[in-house]
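Me: Please take a close look at one part of this model for me. I care about the charged side chains and what surrounds them. Keep it brisk.

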Amino acid sequence: MLLVGVLGFKFTMDLSWVDSLYMTVITITTVGYREIGEPSPQAKLFTVFFILISVIVVGYAVSAITEYLLSRNSLADLRKKRKIKHLESMENHIIVCGYGRNGKQAVQKLQDYKRDFIIIEKDQQVIDDAPLDEENFYRGNANEDDVLLSAGIERASTLITALPEDADNLFIVLSARQLNKNLKIISRASEENSYKKLKFAGADNVILPDTIGGQHMASLIVSPDLIEFWDNLSYGGNEGVNLEQISFEQMFDEERDCTIINLNLRKETGCTIIGYKAPDGNYTVNPDPTLPLVPGSKIIVVGNSNQIAKLQKVYRINNEVT
């Protein structure tokens with residue numbers, strides 16, 4: 001439009017290049033400053049034509065550009081605000097660092113248990129390809145404290161770091177333990193010599209997937225029926241949950257004297273108690289019925305889907321990770 005206007009005013013009004021540019025700009029912008037010289041009939045016709053065309057073209061261009069910029073900024077701002085609001089509303093949630101093979105398995109289990117979680121992943125392509133809502137992701141490097149804080153680590157209950165490199169997991173464990181002293185930290189490890197380092201750094205549990213896989217395969221040879229039975233136990237999905245843990249605080253609203261046999265769990269829910277965890281962390285398999293339940297202790301029970309559902313209803317369990 002500038003080029004057409006300059007050339008048009010140059011040849012229809014015999015103006016200088018500067019004056020032609022001046023006339024073009026005040027015409028396009030409809031400012032309406034004084035005209036330079038007396039326009040000829042040809043110049044008037046060109047001016048009318050140029051005003052009509054410039055109003056349509058420039059008006060459309062401005063509206064299109066404005067709409068594009070506003071929609072782009074609005075969508076980006078809306079997503080950002082929604083993500084911030086979602087993160088700020090989360091409490092006692094689980095932070096999963098890395099959406100690789102182990103991270104995906106952990107997230108699938110959390111979905112089965114309907115737990116709130118946020119995944120920290122730095123690869124945008126991984127986020128785009130994931131079959132999850134973008135709201136479940138926070139893009140960033142989990143090694144950075146600011147990223148952990150943005151993911152709500154101060155309000156989180158558990159952190160799972162499943163990065164492929166042990167050094168990265170170690171760094172995250174150190175940072176997470178400093179940011180939240182009460183956080184339960186579960187870390188993946190590839191090398192056996194990383195186990196002690198991660199525990200020393202503050203990890204509550206360290207998982208060695210390769211070691212577990214090898215032991216599992218060997219167990220299929222030594223005791224195949226037992227392992228097959230264990231594999232057939234369902235931990236979520238359509239068939240429900242077969243194992244559950246209950247804390248003393250979930251069973252009783254106040255401190256009271258009670259033994260396992262007094263709990264009468266089998267009659268009330270159909271579930272069977274197979275384990276007991278003392279407040280000091282020691283486990284007892286197939287505990288004695290006369291064993292007293294004390295504050296801070298937990299029991300591990302087994303049952304079919306209906307029995308576990310009844311158990312959760314009786315004790316108002318929301319599948320909390322404890």
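Reply: What follows starts with the charged residues and then turns to other buried sites. The model is predicted.

Start with pairing. Side chains of opposite charge can pair when their charged atoms come close. The structure holds one salt bridge. Its partners are Asp 204 and Arg 177, with the closest N and O atoms 3.1 Å apart. The pair ties together distant parts of the chain, 27 residues apart. Asp 204 sits in the loop between helix H8 (194-201) and strand E6 (205-207). Arg 177 belongs to helix H7 (residues 166-179).

How exposed are the two partners? Asp 204 is partly exposed, because its relative accessible area is 33%. Arg 177 has 14% relative accessibility, so Arg 177 counts as buried; the cut-off for buried is under 20%.

Now take Glu 121. This residue lies in strand E2 (residues 117-121). Glu 121 is buried, yet it has no salt bridge. Its nearest side chain of opposite charge is Lys 122, 7.2 Å away. A salt bridge requires a nitrogen and a carboxyl oxygen within 4 Å, so Lys 122, at 7.2 Å, does not qualify. A polar atom of the Glu 121 side chain does lie 3.0 Å from the backbone nitrogen of Asp 123. Leaving aside residues up to four places away in sequence, Glu 121 touches Gly 98, Tyr 99, Val 126, Ile 127, Phe 137, Tyr 138, Arg 139 and Gly 140.

Next, a buried cysteine. Cys 258 is in strand E8 (residues 258-259). It counts as buried because its relative accessible area is 6%. Its contacts, not counting residues up to four places away in sequence, are Phe 252, Leu 263, Leu 291, Pro 292 and Leu 293. Leu 293 is 35 residues away along the chain, but the two C-alpha atoms are separated by 5.7 Å.

Last, strand E7 and its surroundings. E7 (residues 243-247) is mostly covered, with four of its five residues buried. Five bridges join E7 to strand E12 (residues 298-302), and the two run antiparallel. Ile 246 stands opposite Ile 299 in E12.

Helix H14 (residues 305-314) packs here too. Its residues Ile 308, Leu 311 and Gln 312 are buried. They cover an arc of only 95° around the axis, so they lie on the same side of H14. Asn 306 and Lys 313, on the other side of H14, are exposed. The buried residues of H14 pack against E7, helix H13 (265-269) and E12.

Definitions and conventions. Residues numbered from 1 in each chain as written. Predicted model: local features only at pLDDT ≥ 70, side-chain atom pairs only at ≥ 80, totals over all residues. Heavy atoms only, no water. Buried < 20%, exposed > 50% of the residue type's maximum accessible area, 1.4 Å probe, protein only. Lys, Arg positive; Asp, Glu negative; His and termini not counted. Polar contact = N/O pair within 3.5 Å; in protein donor to acceptor, adjacent residues only side chain to side chain. Contact = heavy atoms within 4.5 Å. Pairing = 2+ DSSP bridges. Arc of directions from axis to C-beta.
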